[in-house]
Amino acid sequence: MVSFLYKTPLKVEFFSKTKWVRKIEFVGLGLFFIGTIINNIVLGKTDYSLIILWSVYALYYTLLEELGWRVFLGNELSKYSFLTVVLISTVLWFTWHYSFPNRLITENPFQFLVLIAAGSAGMAEFYRKTKSWMLVALTHALVNVNPPSLPTLIIFLVVIIGLLTFHESKNKKANVTCLR
């Protein structure tokens, strides 16, 4: 795959080559599927094959979408500040999603814009810290598959952010020890 503006090759890995990120990706996959199944059971939906099929489809779709938003666009905008990247991707992401018929978009576009801005900032930060296309796509897929289930998304984000924070603090302690 080649970057459009600079003709530079893009490296795209389905799973991270970094061991600790790959572990978090697999935890995220488990949380995604288990959370989606539990959420649908709570909502009274028991057609498990359809739930799993929809989950796989949502993950596939968001992997492709995040390939464009985080990997391609993120690479193109990497020379700009984080805030600039978030603002540009928010405007583009809002415009892209505004074309899809959705009750939240039509009833309250400003609320949707705020949601898009928060999602854009969060996913840009996930990608910046991990370079994990999979973690970003899982987060996006959770929103798409479980729109009424904020608890599922919150549990997913708490666990993933907790694991990222734990890893960062462990690395800081290791770096301080090495410097002494």
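Which residues form one aromatic cluster with W54? Select W54 in this predicted model, then add Y57 and Y61, and the cluster is complete, since these three residues form it together.

From there, move to L59 and display its surroundings: leaving aside residues up to four places away in sequence, L59 touches L29, F32, F33, M134, A137, L138 and A141. Several of these names return when the selection is widened to the largest nonpolar core, a set of 31 residues in which F32, L59, L63, M134, L138 and I160 touch the most other members. Colouring by helix is useful at this stage, as helix 1 (19-42), helix 2 (48-76), helix 3 (82-98), helix 5 (109-130), helix 6 (133-145) and helix 7 (150-179) each supply at least two residues of this core, while the largest share, nine residues, comes from helix 6. In soluble globular proteins, nonpolar side chains tend to be buried together.

Next, return to the aromatic rings, of which the structure holds five pairs. For one of them, select F94 and F112, whose ring centres lie 5.8 Å apart with the planes at 45°, so the pair counts as tilted. This pair links distant parts of the chain, with F94 in helix 3 and F112 in helix 5, 18 residues apart, and both F94 and F112 are buried.

The last stop is a charge placed over a ring: select R70 together with W93, and the charged end of R70 is found over the ring of W93, at 5.1 Å from the ring centre.

Conventions. Residues numbered from 1 in each chain as written. Predicted model: local features only at pLDDT ≥ 70, side-chain atom pairs only at ≥ 80, totals over all residues. Heavy atoms only, no water. Core = buried A, V, L, I, M, F, W, Y, C linked by side-chain atoms within 4.5 Å. Buried < 20%, exposed > 50% of the residue type's maximum accessible area, 1.4 Å probe, protein only. Helix = DSSP H or I, 4+ residues; strand = E, 2+ residues; numbered from the N terminus. Contact = heavy atoms within 4.5 Å. Phe/Tyr/Trp six-rings, centres within 6.5 Å; stacked < 30°, edge-to-face > 60°. Lys NZ or Arg CZ within 6 Å of the ring centre and 35° of its normal.
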